[in-house]
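Please open the model in the viewer and keep the sequence at hand. The tour below proposes a series of selections and states what is found at each.

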Amino acid sequence: MSAPASAPTLLVLDADPLPRLGSLTGRARIEHADATTLAERLPSADVLLVWDFASTAVRDAWPGEGPRPRWVHTASAGVDHLMCPELAASETVVTNARGVFDQPIAEYVAALVLTMAKDLPRTWELQQQKTWRHRESQRVTGSRACVVGSGPIGRAIVGTLKALGITTALVGRRPRTGIHGPEDLDRLMARADWVIAAAPLTEQTYGMFDARRFGMMQPSARFINIGRGPLVDEDALVEALSKRWIAGAALDVFEDEPLPPDSPLWQVPGLIVSPHMSGDTVGWRDELGTQFVELYGRWEAGRSLPNVVDKQRGYVPGH
């Protein structure tokens with residue numbers, strides 16, 4: 001059944017595989033675009049679904065001429081890939097995929113903590129060499145973690161680490177009950193065995209993990225970033241690991257993705273590299289599609305939308 005002429009136009013910035021939007025048949029005129037066609041199709045769209053959440057095409061195309069969609073939804077937690085001054089200043093509502101990735105990312109962080117504490121990469125290496133080498137590993141219960149970023153992902157990480165017996169401090173944009181403010185970050189990092197970056201990328205957080213902060217961490221500490229790549233000064237992290245300022249690190253996000261083959265991060269000692277997969281569990285794309293369809297139903301009925309991004313701050317407020 002085709003949609004009536006009066007139905008809203010839903011424009012999808014495509015990525016493979018495409019979202020399953022069959023339940024919107026007859027309720028929306030669904031059109032598709034890629035980076036080369038997005039600019040010309042934006043003026044005719046009522047809603048834009050940014051399914052290709054790694055693309056910067058929205059940021060590039062939005063400043064053009066003509067009307068703009070009333071609502072933009074991105075199938076991601078971060079919105080820095082699509083925000084530009086023109087979109088921030090517009091009346092367009094922006095929503096994100098808050099809620100889909102929280103627990104999967106928390107589980108991934110817990111896996112990284114246990115992997116590093118139990119020296120599993122070395123165990124695997126020795127197995128390939130058929131070498132029997134007994135070692136002692138670290139107990140995580142009783143260790144300390146500093147989680148930077150007090151949104152739903154950061155809070156899920158705290159809950160999961162606490163279940164492992166890790167004493168955890170959560171740092172947010174401002175202090176409130178159970179959450180430390182930025183003024184406590186340096187003190188908490190200096191005492192932590194695990195420092196986990198889960199903050200959104202904003203002007204205030206860009207490059208916040210630099211040589212100064214790696215230098216104040218304990219030599220036995222490990223650093224994990226599952227937030228946004230540019231939170232970290234990657235050259236400073238390479239230096240910190242190479243000079244053994246810290247014991248190890250794990251990165252799931254990077255300044256440039258995919259990580260170039262000539263990046264020193266591939267071979268720096270003590271670093272685990274994973275390809276931006278911490279939140280991507282089996283069926284995650286279906287969850288993202290289901291979430292969008294539910295949001296579309298609310299928008300279609302004129303109801304308020306959850307997950308509305310503060311376009312000046314760059315994240316969903318209220319946490």
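In this predicted model, begin by selecting helix 4 together with the elements that cover its buried residues; these include helix 6 (152-163), strand 8 (194-197), strand 9 (222-225), strand 10 (248-251) and strand 11 (271-273). Next, display the side chains of helix 4 that lie beneath this cover. The buried residues are Asp-102, Pro-104, Ile-105, Ala-106, Tyr-108, Val-109, Ala-110, Leu-112, Val-113, Met-116 and Ala-117.

Now reduce the selection to residues 102-117, the 16 residues of helix 4. From its first C-alpha to its last, helix 4 reaches 23 Å, close to the 22 Å expected at 1.5 Å a residue. Move on to Asp-119, which follows helix 4 and has a positive phi, near 55 degrees.

Cysteines are the next stop. How many disulfides does the structure hold? The number is 0. Select Cys-84, which counts as buried because its relative accessibility of 7% is under the 20% cut-off. Cys-146 is buried as well, with a relative accessible area of 1%.

The tour then turns to charged pairs. Side chains of opposite charge can pair when their charged atoms come close. The structure holds 11 salt bridges, and several of them merit a selection.

Select Arg-20 and Asp-286, whose side chains meet in a salt bridge at 3.7 Å, N to O. Arg-20 lies in the loop between strand 1 (9-13) and strand 2 (29-33), whereas Asp-286 belongs to helix 10 (residues 284-300), so this pair ties together parts that are 266 residues apart in sequence. Are the two partners buried or exposed? Arg-20 counts as exposed at 68% relative accessibility, while Asp-286 is partly exposed, with a relative accessible area of 37%.

Proceed to Arg-70 and Asp-46, which form a salt bridge of 3.3 Å, N to O. Arg-70 sits in the loop between helix 2 (57-61) and strand 4 (71-74), and Asp-46 in the loop between helix 1 (38-41) and strand 3 (47-50); the pair therefore ties together parts that are 24 residues apart in sequence. Arg-70 counts as partly exposed, at 48% relative accessibility.

Select Asp-310 and Arg-313 next: their side chains meet in a salt bridge of 3.5 Å, N to O. Asp-310 is partly exposed, with a relative accessible area of 23%, and Arg-313 counts as partly exposed at 35% relative accessibility.

For the final selection, take Asp-186, Arg-212 and Arg-213, which are joined into one network by salt bridges that share partners.

How values were computed. Residues numbered from 1 in each chain as written. Predicted model: local features only at pLDDT ≥ 70, side-chain atom pairs only at ≥ 80, totals over all residues. Heavy atoms only, no water. Helix = DSSP H or I, 4+ residues; strand = E, 2+ residues; numbered from the N terminus. Expected span 1.5 Å × (residues − 1). Buried < 20%, exposed > 50% of the residue type's maximum accessible area, 1.4 Å probe, protein only. Contact = heavy atoms within 4.5 Å. Disulfide = S-S within 2.5 Å. Salt bridge = Lys/Arg side-chain N within 4 Å of Asp/Glu carboxyl O.
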